[in-house]
Amino acid sequence: MGTELFLGFSLDACITIVTVLGMFSILLFTKLRSDLVFLGAIGVLYVTGVLDAKEAFSGFSGTSVITVGVLFVVVAGLTHTGVLQWIVKHLLGTPDSYSKAVTRLMLPVAVLSSFLSNTTVVTLFVNIVKMWSKKLGVSPSKLLIPLSYASGMGGVCTLIGTPPNLIISGLYEEKTGEAMNVLTTTIPGLFCLAVGVLSVIAMRRLLPERKAPESAFESTGEYTVELQVPSDNPCIGQTLAEAGLFHVKGGSLIELYHFDDVPMPITENEPIMGGDHLVYAGQIDEILEIAKSHQLVSADHHVFSMSELDKSRQLRTAYINFGSSLIGKTIGGSTFEKNNNLTLAAVARRGERIKESPRQVVLQAGDTLLLVCPKNINVNTSSLKNDIHFFDSDDVPNIGRGTLVSTTIMIAMVALSALGVMPLLQCAFLAAAAMLIFRCCNVDQAMRAINWEILMVFAGSAVLGLAIQKTGIAEWMANGILDVCGTNPIVVMTAICFVGTFITEFISNTAAGAMFFPIMYEAAEKLGYEPFPFLVALMVSVSSSFATPIGSPTHMLVYGPGGYRFSDFMRIGLLMNLIILAANIFIVNIVYPLTRL
C-alpha cells in the first residue's frame, strides 16, 4: 500500500516529502541552527526544480515576514522603557492562595504575550516568579509551567502575538485577497485562556514540587572548592591526617587528584604530593581559612567567594540549554571557560548540588551552573547563547516618561489595525518609527532586537507550505483525512487540529502552521465550507504545545530554573492539550459559525 501511495505522487512531491522529513529529522536529532536547516531546505527545493526562483524566495518578501521583523523594533521600545517591569510591579501583589496566585500570574503574562514576544515576557518573569514564589512560600516549579503556558495561550489572542497567526493570516490573504483583523483570534484565545487557567488550578497536583536549582547555592554557605598543593608546600610528604587536611573545620574532603587527574580513594594515610588537587565541600569562609593556613592555592586560579572576587567580576547562575554542545561533557574537558572568560564554581542538578569537583561533572540539559563572570560579559554571544541561559539580566530599564509613550504607541498601533484604518504592516512601520523618534529605544537596540534566525525560519516555513500545496501533497492529505473522517466538518476540523497540536510538540509552531495551512484550506474547500473558521481553529491548535519542554522556546526557558524533568511537562501537558483542543473547537464554531461556499 505504501508503494501505491508513493507511485501516486509526482517526482516533485516525493522530493518535497523527503526534504520536509529530512529537515524535521535534522532539527530533532542534531544541533544545527534552525535557520540554516530551513535555508538548506529552500535550496534543495529550488535546485531540484520543485520551486522556481520567485517561489523559492517568496517567503522573504511576504508581508507577514516583514511585519514580524518590524514588530521586533516595536517590542524593543516597550522593553527598554520598562513597560514589562511596571506591569509586574503593579499586578502581581501578594495573593493568599495558590489559585489566586496562578490567576494573578497567568492573566498579565497572557495580556503581555498578546502584543510582545512571549520569550521576552517569560525571560523577564522567570526571575520575578522565583522571588515571588519565596514570598508566597510556594515552590517555583508550581508557578513556572503556568507562566510558560500563559505566554503561549496569550500569544494566540491577537494576530501579532505569535508567528503562526501571522503566517496563517498572511497565506489566507494571499489566497483570498482578504486581510484578517488583528483581533480575529481574540475571543477564541481569551476563552481558551480562561479554560487553561481553570485547568491549571484544577490539576495543580499534577504540577511537580521541585527544588529551585539555585537554592543549592543560596540555602547554605556551602560551595565545592578545588584547591592545589604548590610544589614548595611544607605539607608535601605528609599524610592527609598528619597535615590536618583530612578532617577540616566547616567542611569535608570529597576528592583527591594526583598528577594524572584520576581521583584517588580518600584515606587518612594518603600522602600529599606537589601539584595535588584537593576538592572540599563545606563552608566557604572556613575552607578558605584552611587554604591560607596550609599555604594552598586556588586550582587553575578559580575563585569561589564574593570576597575573593576582584571588582570586575561577579557570581551569576545559568542553566544548560537543550541542544547545548556541553551536554555529555565536562567543563574541565572543554575550552568553554577559556573561550568565554568564565570560571565554573559549582554545579547543581534538580536543586541538589553535586558533591564532586565541578569541572569533572558530566553535564546534562537543565543543570544549573554557578559561574564567576566579568561584570561586562555579553550573554548574547553565539557561543554562550547556544549553550547556556543566564537566570538574571543586568539590562533593567528605568520606568519613566518613556514607559507611557511606548505604551501609547503600542495601543495606537493595535487600534488603527483593528478598526481597519490601515493594514497591520503600515501600522507596524509607523509604530517602529515612533519608537525611534520618541527615543523609546535607539537604533542599536532596535537592530539588536531583530531576531534574524526567527525571520529565516518564518520565511522558510512559508516556502515549505507553498511547496506542499503546489506539489499536490496538501490535496492528497486532505483527501486522506476526508476518507477517514467522513464529511462532517467539525470532525475534520478536530482531526487536523489534533494532528497539528501533536506535531507542534516536536517542531516549530511556525513550521507547523505553514505546513497545515494548505491541508486545512483544501479540506475545508472540498467539504464546501468557507475556510476562515477552520484556519482560526488551526491558529490556536499549532500554538497549543504543552506536553514537552521542547515544544516551545518558553518551556525551555523555565525548564532549568524550575528544576524540572522531561516527564513533568507530560503529566499535565497531555491533558492540557486535549482540554484546550476541545475548548478551541467549541468556541471557534460559536464565534465563527461554519458557512457554505
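This passage walks through the overall make-up of a predicted model, two helix pairs and a few buried residues.

The protein chain of this predicted model contains 26 helices and eleven strands. Of its 597 residues, 54% are buried. Contacts that link distant parts of the sequence are plentiful in the count: among contacts with a separation of 6 or more, 78% join residues 24 or more positions apart. The examples below put some residue names to these totals.

Two packed helices are described by the angle between their axes and the distance between the axes. The first pair to look at brings together helix α9, residues 141–155, and helix α26, residues 566–591, whose axes lie 12 Å apart at an angle of about 30 degrees. Angles under 35 degrees count as roughly parallel, and α9 is therefore roughly parallel to α26. The crossing of these two helices is right-handed. On the α9 side, the contact is made by Ile 145, Tyr 149 and Met 153. Helix α26 contributes Asp 568, Phe 569, Ile 572, Gly 573, Met 576 and Ile 580. By character, the residues of this contact comprise seven nonpolar, one polar and one charged.

A second pair is formed by helix α5, residues 63–80, and α10, which pack at an angle of about 145 degrees with their axes 9 Å apart. Here, too, the crossing is right-handed. Ser 64, Thr 67, Val 68 and Leu 71 of α5 meet Leu 166, Ile 167 and Gly 170 of α10. This contact is built from four nonpolar and three polar residues, with no charged residue taking part.

Between α9 and α10 (163–176) runs a loop that holds Thr 158. The relative accessible area of Thr 158 is 4%, so this residue is buried. A polar atom of the Thr 158 side chain sits 2.3 Å from the backbone oxygen of Ser 114. Beyond the residues up to four places away in sequence, Thr 158 touches Ser 114, Phe 115, Asn 165, Val 182, Leu 183, Thr 185 and Thr 186. Ser 114 thus appears both in this list of contacts and as the owner of the backbone oxygen beside the Thr 158 side chain.

Another loop worth a visit joins α24 (532–542) to α25 (553–559), and Gly 551 is found there. Ser 545 has its place in the loop between α24 and α25 as well. Gly 551 counts as buried because its relative accessibility is 9%, and Ser 545 counts as buried at 7%. Leaving aside neighbours within four places in sequence, Gly 551 is in contact with Thr 504, Glu 505 and Ser 545. On similar terms, Ser 545 touches Thr 504, Glu 505, Gly 551, Ser 552, His 555 and Asn 577. Gly 551 and Thr 504 are 47 residues apart along the chain, yet their C-alpha atoms are separated by 6.2 Å.

The last stop is Ile 15, a residue of helix α2, which spans residues 11–29. Its relative accessible area is 19%; buried means under 20%, so Ile 15 is buried. Outside the residues up to four places away in sequence, Ile 15 touches Thr 48 and Val 50. The C-alpha atoms of Ile 15 and Val 50 lie 7.7 Å apart, although 35 residues separate the two in sequence.

Key: Residues numbered from 1 in each chain as written. Predicted model: local features only at pLDDT ≥ 70, side-chain atom pairs only at ≥ 80, totals over all residues. Heavy atoms only, no water. Axes fitted to C-alpha atoms, helices over the stretch in contact; angles between N-to-C directions. Helix = DSSP H or I, 4+ residues; strand = E, 2+ residues; numbered from the N terminus. Parallel < 35°, antiparallel > 145°, perpendicular 65-115°, else oblique. Left-handed = near helix turned anticlockwise from the far one by under 90°. Contact = heavy atoms within 4.5 Å. Nonpolar A, V, L, I, M, F, W, Y, C, P; charged D, E, K, R; others polar. Buried < 20%, exposed > 50% of the residue type's maximum accessible area, 1.4 Å probe, protein only. Polar contact = N/O pair within 3.5 Å; in protein donor to acceptor, adjacent residues only side chain to side chain.
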